[in-house]
Amino acid sequence: MILTKNPASGKLLQIYAPYSEAMVFSMLERAHAAHLTWRQVPLHERTALLLKLADVLRRRSESYARLMTEETGKTIRAARAEIEKCAWTCEIYADKAAAWLAEEEIAADGIKHRVVIEPLGVILAVMPWNFPFWQVMRFLIPTLLTGNGALLKHATNVTGSALKIQEAVNEAGFPEGLFVTLLASHAVVEQIIAHPLCQGVSLTGSAEAGRAVASVAGRHLKKVVLELGGSDPFIVLGDADIPAAAKAAVIGRFQNNGQSCIAAKRLIVLKEIEEVFTSTLLAEVEKLVVGDPLDEATDIGPLVSEQAAEIMEQFVLDAVAKGAVVRTGGTRKGAYFTPTVLTGVHSAMEVMTQEVFGPILPVITTDTVEEAITLANATRFGLGASVWSRDLEKGEQVARQLAAGATFVNSITKSDPRMPFGGIRESGLGRELSYWGLREFANIKTINVYSGEEV
């Protein structure tokens, strides 16, 4: 059985029965059959359904947000914002679809040469719990728009959210069976990847999960897109707007209770502004309200589980044992962990070498910009990175030297449906969102026309 619990209270939310293998493979076959019809549906009809999906999401926003909060501990305000982002992404794709999927004409040696975008078939998504709606929707919207079918294997602790996503898609009017949530084991997921009707896999999760899925997909020559972990640097140069950078660092690190792949996980500050920046940062962190995630005033709720909070406790103990100083926070109560700032941090500490999926912010100082860049790139990850400077040209120069899939000047790392999103190294491969995301699970097909007079 699948059990979901409220991390804030520890209370059981719901019990779900897993699907049988026969049911799962029947759903795969139905999704394939639905895709064969769906791929023939004109693009303007597909985009119309995306707009209907946006409407469903907004109309049911409050109930979806509350469910996410109960299942994950994210604040109700953050949950509402997540639903709105999903609805907005539907609208962006509906607006851009014609241009992003337009055929391309190329001059070559024949009469006519065109590149067309065609769907592959049924794509499997394996998704995590921390953004239960958004991480599914950023995969699902472009996947369906291209003409594919889709299956979702969501994290078990957000099973309620997974089923509500399926309900929303059905209510919007998409063909029955084109998209379905699977309550299946990892062993069954492996069989789905191997099945001839599955044409690709999109996974958001840890590097370890990415390796496992990519290994299975590779054996069966299936396309994968992997959005994995991160240890994003947040660099504050000497000429930065210190109050703005400090506020952004707090948002970037502690949003979603610190449980975000693209969180600002390593704060690198030039020594010349260390004191003033740190004191400004601490003042901002201490404003955060920790409490019931359903309370409108709460900024920080519980982590996803008590075990997750215990892991944060161990990160702090390791850092302190190796010379770090806890400037604020550092305490646990059940699944709650107080927003924490560490100084005196160095590369031998686990907070620098591991992905810290919780509300801990290590502050590191460097003497020069070059040292800051070197330190920022000294990681096995490469998802996002942020640099702060009043000199925009200098900021961009630094951003260009950072090893990451997405770099930002004077902004936190964030995803936007108009821009490609993804990482390098152990942060993954492939891209989601934008023009690029539409092409990941597509046949980039060429049509070449010749007169036939010469061979």
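M1 sits in the segment before β1 (2-5). In this predicted model, M1 counts as exposed, because its relative accessibility is 67%. Together with L3, L12 and I15, M1 forms a nonpolar patch on the surface, and the accessible area of the four is about 420 Å² together.

**Nonpolar cores**

In soluble globular proteins, nonpolar side chains tend to be buried together. The largest nonpolar core here has 57 residues, and the members that touch the most others are L53, L57, L140 and F174. Elements that each supply at least two residues of this core include the helices α1 (21-38), α2 (43-59), α3 (61-72) and α4 (76-100). Further along the chain, α5 (134-146) and α6 (159-172) do so too, as do the strands β5 (122-127) and β6 (149-154). With 11 residues, α4 gives the most to this core.

L53 shows what such packing looks like for one residue. Leaving aside neighbours within four places in sequence, L53 is in contact with C90, M137, A168, V169, A172 and F174. Apart from the largest core lies another core, of 35 residues, with L270, A308, A324 and L375 among them.

**Cysteines and a buried serine**

A search of the whole structure finds zero disulfides. C90, one of the contacts of L53, is buried, as its relative accessibility is 0%. The closest cysteine sulfur to that of C90 is in C86, at 7.4 Å, and therefore too far for a bond; a disulfide would need the sulfur atoms within 2.5 Å. C198 is also buried, since its relative accessible area is 1%.

S231 is placed in the loop between β9 (223-227) and β10 (232-236). This serine counts as buried, because its relative accessibility is 3%, and buried means under 20%. Which residues is S231 in contact with, leaving aside its neighbours within four places in sequence? They are K265, R266, M352, Q354, T379 and F381.

**Salt bridges**

The structure holds 31 salt bridges. Three of them are listed below, with the distance from N to O.

| Pair | N to O distance |
|---|---|
| E91 and R58 | 2.7 Å |
| R219 and E190 | 3.3 Å |
| R332 and E306 | 3.4 Å |

In the salt bridge between E91 and R58, the closest N and O atoms are 2.7 Å apart. This pair links distant parts of the chain, with E91 in helix α4 and R58 in helix α2, 33 residues apart. Both side chains belong to partly exposed residues: E91 has a relative accessible area of 30%, and R58 has 32%.

The side chains of R219 and E190 meet in another salt bridge. R219 lies in helix α8 (residues 207-219) and E190 in helix α7 (residues 186-194), so this bridge ties together parts that are 29 residues apart in sequence. R219 is exposed, at 52% relative accessible area, whereas E190 counts as partly exposed, at 38%.

A helix and a strand are joined by R332 and E306, whose side chains also meet in a salt bridge. R332 is in strand β13 (residues 332-333) and E306 is in helix α11 (residues 306-321), and the pair links distant parts of the chain, 26 residues apart. R332 is partly exposed, with a relative accessible area of 28%, and E306 is partly exposed as well, with 43%.

Some charged residues form a group rather than a single pair: D55, R59, R60 and E171 are linked in a network of salt bridges.

Methods:
Residues are numbered from 1 along each chain as its sequence is written. This is a predicted model: local features need pLDDT of at least 70, side-chain atom pairs count only at pLDDT 80 or more; totals for chains, interfaces and linings use all residues. Side-chain values use heavy atoms; hydrogens and water are left out. A nonpolar core is a set of buried Ala, Val, Leu, Ile, Met, Phe, Trp, Tyr and Cys residues joined through side-chain atoms within 4.5 Å. Buried means under 20% relative accessible area, exposed over 50%, partly exposed in between (1.4 Å probe, protein chains only). Helices (H or I, at least four residues) and strands (E, at least two) are DSSP runs, numbered from the N terminus. Contact means heavy atoms within 4.5 Å. Patches are made of residues with over 30% relative accessible area and no salt bridge: like charges are joined within 9 Å, nonpolar side chains (Val, Leu, Ile, Met, Phe, Trp, Tyr) within 5 Å. Accessible areas come from the Shrake-Rupley method with a 1.4 Å probe; for residues, only the protein chains shown count as cover.
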